[in-house]
Amino acid sequence: MDKLDLVPFFNESLFVPALQAKSKEGVLEELVTCFVNSGFVRNPAIVLEMIHRREQLGSTGIGHGLAIPHGRSTAAPELMIAFGCSKKGIEWEAMDGEPVHLVFMVIAPPQEQDNKYLPVLGRLVEILSHSRDRDKFRNVNSFSDFIKLLKN
C-alpha cells in the first residue's frame, strides 16, 4: 500500500487539528462524535464500546506521541480514519509513557471486500515511524495541508 492509497480514507469532517478534550476518554468520544456528525456512524455507543474493548487489550498509544485506536464495528459502513492533534499532549498509557499528540482513529466494518484494514494500519505506523513526519503532522492546521503531507 502506497502513502497515496491512504488519502481516500480521510475526510475533512473527520479532521480535528486542535482537540478540545483533555483526557484519553474525552479524545475517544470527541473523535467518535466526528464520525457521527459526519454521517459515517449512527450509533456512537457501539463504536465507543468497541474502542474501549480494544483499549482493554492493550493501549493503542504506540509511543513517540502517537495513538492509533482502531477496530471493526457493525456501526461502520466503510473504513474511515479520524485525525486529532493535541499540542499539549494527552495521557494515554502509551508504551513509552509519553503523552500522545497525534491520534488516528481507524474504524472499519467487520468484513471488507478488499480487506484494507490491516494494510492501512501498517502503512500509518510506517509513515509515522519517522520523527520528521510526526512533527509535520503535529503542525498541520488545515485539511488540505494534511492531505498534502500524505501525498508527499
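The pLDDT is the predictor's confidence in each residue, on a scale from 0 to 100. The structure is a predicted model, in which local features need pLDDT of at least 70, side-chain atom pairs count only at pLDDT 80 or more, and totals for chains, interfaces and linings use all residues. Residues are numbered from 1 along each chain as its sequence is written, and side-chain values use heavy atoms, with hydrogens and water left out.

The mean pLDDT of the protein is 94, and 100% of its residues reach 70 or more. Helices (DSSP runs of H or I, at least four residues) and strands (runs of E, at least two) are numbered from the N terminus; among these elements, strand β1 (residues 15-16) has the highest mean pLDDT, 98, while helix α4 (residues 131-138) has the lowest, 92.

Helix α1 covers residues 24-37, and because its expected span is 1.5 Å times one less than its number of residues, its 14 residues should span 20 Å, which agrees with the 20 Å between its end C-alpha atoms. Its buried residues include Val27, Leu28, Leu31 and Phe35, where buried means under 20% relative accessible area, exposed over 50%, and partly exposed in between (1.4 Å probe, protein chains only). Among the elements that cover the buried residues of α1 are β1, α2 (44-57), β5 (80-90) and β6 (100-108). Just after α1, Gly39 takes a positive phi of about 85°.

Further along the chain, Arg123 lies in helix α3 (residues 117-127) and is buried, with a relative accessible area of 15%. Leaving aside residues up to four places away in sequence, Arg123 touches Met1, Asp2, Lys3 and Leu6, contact meaning heavy atoms within 4.5 Å.
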